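Subject: Structure handover

Hello,

Here is the structure I promised to pass on. Please open it next to this note; my findings follow below.

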Amino acid sequence: MSQKFWVICLFLLLTTLVTAQEDHYLDASTIPLRLTINANAVVRFDQANIEIKTYDKFIFTYNRIVTVLNDLGDSKIGAYMYYDDNIDVNKLEAHIYDANGNEIKRVRKSDFQDVSAVSGGTLYSDSRVKYLNYTPIKYPYTVHFETEVTYRSTAFLPRWRPIEGFYVSTEFSEYKLVNNSDHSVKIKPSNFDNYGIETHSDFHYSVKNITALQREAYSPSFETFAPQLKAALTVFEMEGVKGVNNSWEDFGKWVHDVLLADTAVLPDEVIAEVKTLTATTNSNIEKAKLVYSYMQNKTRYISVQVGIGGWKPMLAEDVDRLGYADCKGLSNYTKALLASIGVESHYALIYGDQDLRSFDTEFSSVEGNHAVLCIPDDEDYIWLECTSQTNPFGFTAGFTDDRDALMITPKGGEIVHTTIYPAESSLQDTKATFMLSNTGDISADIIIKTHGYKYALHEGVQNKPLREQELALKTYWDYINNLAIDTIDYQNNRDSIVFTETVKLSASNYATKSGKRFLFQPNAFNRVTKIPTRYKKRTLDFEIERGFTDQDEFTINIDPSLSVEAIPNDVSISNEYGSYTFSIEKISEHQLVYKRTYILNKGYYPKEHYKDFREFMSQIVKHDKTKIVCISKS
């Protein structure tokens, strides 16, 4: 028989094997039972192939099969593709199957929803997304998604995440990269241990049967423990601009010399105005404060995401003329204003998010979702959030605090850690005076002052409608029945960074009556009510991302017709997770002072310590419910 015959036979055999393999993944009944435990969806087959043609072009081929087990798994289909003028979607197709693997729908490229890929807060953008919009009739169902995409920008090579998040298991996942360019590709695998990942070559990996992870209380960031692989070209193209990425230093040098070049020119009249504004002080920090306030009053944030504009800031003179820009444009504009009066500052790339997410100090690549400004201050830096019209000078808690960022200097990039707000400076100080009547009702005057990270949690409520302000307080004190908010007042001291809330309130039947006795909880206004979840077997380490201090002092006036019968003993607890103390002092027959200090420490702890941490929190909840007993004299 001819060689051609055997080639045809081999091709038919391989085709049959591939078809049989795909049929297996399309049938929900073939899912191994252990992959369904704690899973809302199962990634049956996930195959990513990246072929780098040149430093400015690569082709991404993706084949994905996902079985969705319930409505919580609908978001895990993953049948979407972003595109713009430098991304061509050559192929886009999906097939939907019932529980037995019977096809119930085919979705062609033209049937995918096609919408802008950015929110309504963006002024203009050329980024769009095609996505599968499917409403399931019955669970489970399976989606087979295939795409081929040509990228003419190589700044972002696809990463491999063989486990995609909590409550998702993976039956098979494969990542393969072929580099046909003249430049090297660097990779960094992380957290590969204990997942059975097979290494076929430096750029080829696969894994089978990863069970779903369940989210647990105080779970650390998923990236800190889940396996992933990052890849980056050492020479790349970003929207027509050639870049270099051997290290953070030379990547930062490229940002400075290419992306920031010729963007900081200001009109002469603006420079003169800023010089006049700052002429009364010789302090660079005081000058920076004046310039920051000037920028805040003159501009507003609007996102701009077109082409290289997604990374290159708008011209400073355009920002000044228009009065708006995105984070890059506003940070660069503020930098230009400071430079015009001789104050040094540096543009910086960062991850902005409430969760703490840092740049990878060991692996340079195009990272970050935000830009800020930093001003050298002796051995430290002052960080400026330039997108906010209300932020205090140098205040970053809650969005860009305590993380590694890339500072851009003329010499290149430098990884720098942003401001940390320790527990002692993230203070909530609550003082209250409340009256307990002979019917068990209370009326109270409360002053809450917040600093540091706690300031970030409270500030901003003053801008909401009164109804939302009252709702926020009733939610905060949801353990007080029959609560009525009488008056609310707010003071925001941006110079000292203190937010003050003054509240008058009342609540009927706060005390529980039992015969002639009244039982009430002295901690009326800052109570921990929830104990962390108990687990038979904790699987993840746990993390307290930010520490804080709560300091409370409540003066309790008791109706003269009542007398105090029983007061609980003082409590003091201290361990690696924090500390907790409370005391009750009897000032007179009808006046008590309750004092409480609760400190929670920032930290990353092994899972074996979770039981002790939970016990610590349980003790706080218990003691926050401590009761005082009063008895009626009549």
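A salt bridge here is a side-chain nitrogen of Lys or Arg within 4 Å of a carboxyl oxygen of Asp or Glu. Keep in mind that the model is predicted.

**Confidence**

The protein chain has a mean pLDDT of 92. Of its residues, 94% reach 70 or more. Residues 10–18 are a weak stretch: pLDDT stays under 50 there. That stretch has zero contacts beyond four places in sequence.

**Salt bridges**

The structure holds 31 of them. Three pairs are described here.

Arg64 pairs with Asp46, with the closest N and O atoms 2.8 Å apart. Arg64 sits in strand β2 (residues 57–68) and Asp46 in strand β1 (residues 41–54), so the bridge ties together parts 18 residues apart in sequence. Arg64 counts as buried because its relative accessibility is 3%. Asp46, at 6%, also counts as buried.

Glu216 pairs with Arg538, and here the closest N and O atoms are 3.1 Å apart. This bridge links distant parts of the chain, 322 residues apart. Glu216 is in the loop between β13 (204–210) and β14 (228–233). Arg538 is in the loop between β30 (517–520) and β31 (542–544). Both residues are buried.

Arg596 pairs with Asp624, the closest N and O atoms being 2.9 Å apart. Arg596 lies in strand β36 (residues 591–600), Asp624 in helix α9 (residues 610–624). They are 28 residues apart. Arg596 is buried, with a relative accessible area of 1%. Asp624 is buried too, at 0% relative accessibility.

There is also a network. Salt bridges with shared partners join Lys188, Lys230, Asp360, Glu362 and Glu367.

**Cysteines**

How many disulfides does the structure hold? Zero. Cys327 is in none; the nearest cysteine sulfur belongs to Cys386, 9.5 Å away. A disulfide would need the two sulfur atoms within 2.5 Å. Cys327 counts as buried, at 9% relative accessibility. Cys630 is buried as well, at 0%.

**Thr502**

Thr502 is in strand β28 (residues 498–507). Is Thr502 buried or exposed? Neither: Thr502 counts as partly exposed because its relative accessibility is 31%. Beyond its neighbours within four places in sequence, Thr502 contacts Ile446, Ile447, Thr487, Ile488 and Asp489. Tyr62 is 440 residues from Thr502 in sequence, and 57 Å from Thr502 in space, C-alpha to C-alpha.

Best wishes

Terms used: Residues are numbered from 1 along each chain as its sequence is written. This is a predicted model: local features need pLDDT of at least 70, side-chain atom pairs count only at pLDDT 80 or more; totals for chains, interfaces and linings use all residues. Side-chain values use heavy atoms; hydrogens and water are left out. Helices (H or I, at least four residues) and strands (E, at least two) are DSSP runs, numbered from the N terminus. Buried means under 20% relative accessible area, exposed over 50%, partly exposed in between (1.4 Å probe, protein chains only). Contact means heavy atoms within 4.5 Å. pLDDT is the predictor's confidence in each residue, from 0 to 100.
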